[in-house]
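This briefing goes through the fold, the cores, the main pocket and a few individual residues. Please read it alongside the sequence and the structure.

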Amino acid sequence: MKKRKNLRTLIILIISIVIAYCINNNQIIYTKSYNEVKIDNLKDEQFEYEKCLISKFDENEVSDNLSNKQEELNQYLSKYNVSIVYEDISTGFNYKYQSDKVYYGASLIKLVEAEYLIDKAINNEIDLDNTFVKYYEKYKADDSIGMSSRKISEDISLKDLISYILKYSDNTAHYMLIDYIGMSNLKKYGNNLGAINILTGGDTYGNQSAIDTNIYLKHAYEIMNSNTSYGTFLKECMTNTYYNYLNLNGDDNNVAHKWGWHSYYFHDIGIVFEEYPYTISILTSHGKGNYQSIVNNIHKKINELHHLFYDERENYCKEI
């Protein structure tokens, strides 16, 4: 009996200690839980706000302000021979002007060559550092800044050739790569991405539309954000100051772009890395005119539209 009494006493003592501990710490536990709930609620509200900001664009949300801004753009662009596609990457909000008009694309095809090879490398089909193309005399061309320091019969890595075509729009490197890839392979690749006008026109540069180039830009953005190694390389190659009239703030890292210039044609297409990134393609027939200011001023107006859209999005998302 005595042992049972002692055991009962021990059990009661343990229970009492547990209850006393819970009572003494209840306020602390309660206060902590209340604060955590407040923080979680704030996080939830912020999450919903951010999710709202980048939710898919619906044509029904075009306000009078946005509509007026787009009409203002139409009127402004009517005095030029240009085609435009702007697309916000997060929401899909876009603006198009004569977007399906076909131009001689000139060096814009070089972005497609780079993406083709980088995709092959990502899929472990080729090694960009250790796959080489021999530099023959037949490839030598004008406008070859990158290849100017290389020697005939030298083996040039695919990685170097990609760097040359994107940084300097090197024509010698282009001829070497188009020969290595094969025009039919590159054309098929572009078609698979969704492009319609690729390598049409009878030479190794071919035709483009702003719709086609926007497809290439969005794929470039995917590479940049899905593969640390090759994405960083692609962005670094495209972030250059050569003929970069899309740059609005003087920050060389703000725009990853590719230009094309031949005779009457000048084009500049790129990814703009603002808080909310977007793609922009400006194709023109002003290659023998004041194409620098034309492209830059058009981009300024597109940028205004972009910010107007997000100003309205922010106001809307704060209210819901």
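**Loop residues with positive phi**

Ser153 sits in the loop that runs between E4 and E5. The model is a predicted one, and in it phi of Ser153 is near 80°, a positive value in a residue other than glycine. Ser153 counts as partly exposed because its relative accessible area is 46%, between the limits of 20% and 50%.

- Tyr243 belongs to the loop between H8 and E7.
- Phi of Tyr243 is also positive, near 50°, and the residue is not a glycine.
- With a relative accessibility of 30%, Tyr243 is partly exposed.
- Ser169 comes just after H4 and has a positive phi of about 55°.

**Asn253**

- Asn253 is found in the loop between H8 and E7.
- Its relative accessible area of 53% is over the 50% limit, so Asn253 is classed as exposed.
- Leaving aside residues up to four places away in sequence, Asn253 touches Thr239 and Phe273.
- Asn253 and Thr239 are 14 residues apart in sequence, and their C-alpha atoms are 5.8 Å apart in space.

**Overall fold**

- The chain contains nine helices and nine strands.
- It has 320 residues, and 46% of them count as buried.
- Taking contacts between residues at least 6 apart in sequence, 64% join residues at least 24 apart.
- The exposed area of the chain is about 17000 Å², with carbon and sulfur atoms supplying 50% of it.

**Nonpolar cores**

- The largest nonpolar core has 53 residues, and Leu117, Leu161 and Leu166 are the ones that touch the most other members.
- Helices that give two or more residues to this core are H3 (109-122), H4 (158-167), H5 (171-181), H6 (183-193), H7 (210-226) and H8 (228-238).
- Strands E3 (103-104) and E8 (265-272) also give two or more residues to this core.
- A second core, separate from this one, has 32 residues, among them Cys52, Leu53, Ile84 and Val295.
- Leu161 touches Val133, Met147, Ile156, Ala173, Met176 and Leu177, when residues up to four places away in sequence are not counted.

**Helix H4**

- H4 is mostly covered, with eight of its 10 residues buried.
- The buried residues of H4 are Leu158, Leu161, Ile162, Ser163, Tyr164, Ile165, Leu166 and Lys167.
- These buried residues pack against the helices H3, H5 and H8 and against E4, E5 and E7.

**Helix H5**

- H5 is mostly covered as well, with eight of its 11 residues buried.
- Buried in H5 are Asn171, Thr172, Ala173, His174, Met176, Leu177, Ile178 and Ile181.
- The packing partners of these buried residues are H3, H4, H6, strand E4 (132-134) and strand E5 (155-157).

**Leu217 in H7**

- Leu217 is part of helix H7.
- Leu217 is buried because its relative accessible area, 0%, is under 20%.
- Not counting residues up to four places away in sequence, Leu217 touches Leu111, Ile269, Gly270, Ile271, Thr279, Ile280 and Ser281.
- Leu217 and Tyr278 are 61 residues apart along the chain, and 9.4 Å separates their C-alpha atoms.

**Largest pocket**

- The volume of the largest pocket is about 400 Å³.
- Its lining consists of 19 residues, and those nearest the centre of the pocket are Ser107, Asp143, Ser169, Asn171 and Trp261.
- Two of the elements seen at this pocket are H5 and strand E7 (255-262), each of which supplies at least two lining residues.
- E7 gives the largest share of the lining, with three residues.
- By class, 11 lining residues are nonpolar, five are polar and three are charged.
- Asn171 is among the buried residues of H5 and is also one of the lining residues nearest the pocket centre.
- Ser169, which has the positive phi of about 55° just after H4, is another of the lining residues nearest the pocket centre.

How values were computed: Residues numbered from 1 in each chain as written. Predicted model: local features only at pLDDT ≥ 70, side-chain atom pairs only at ≥ 80, totals over all residues. Heavy atoms only, no water. Core = buried A, V, L, I, M, F, W, Y, C linked by side-chain atoms within 4.5 Å. Buried < 20%, exposed > 50% of the residue type's maximum accessible area, 1.4 Å probe, protein only. Helix = DSSP H or I, 4+ residues; strand = E, 2+ residues; numbered from the N terminus. Contact = heavy atoms within 4.5 Å. Areas by Shrake-Rupley, 256 points an atom, 1.4 Å probe, with all protein chains shown as cover. 1 Å grid on protein atoms, 1.4 Å probe; cavity = no way out; pocket = protein on both sides within 12 Å on 5 of 7 lines; lining within 4 Å. Points joined across faces, edges and corners; volume = space filled by probe spheres on them. Nonpolar A, V, L, I, M, F, W, Y, C, P; charged D, E, K, R; others polar.
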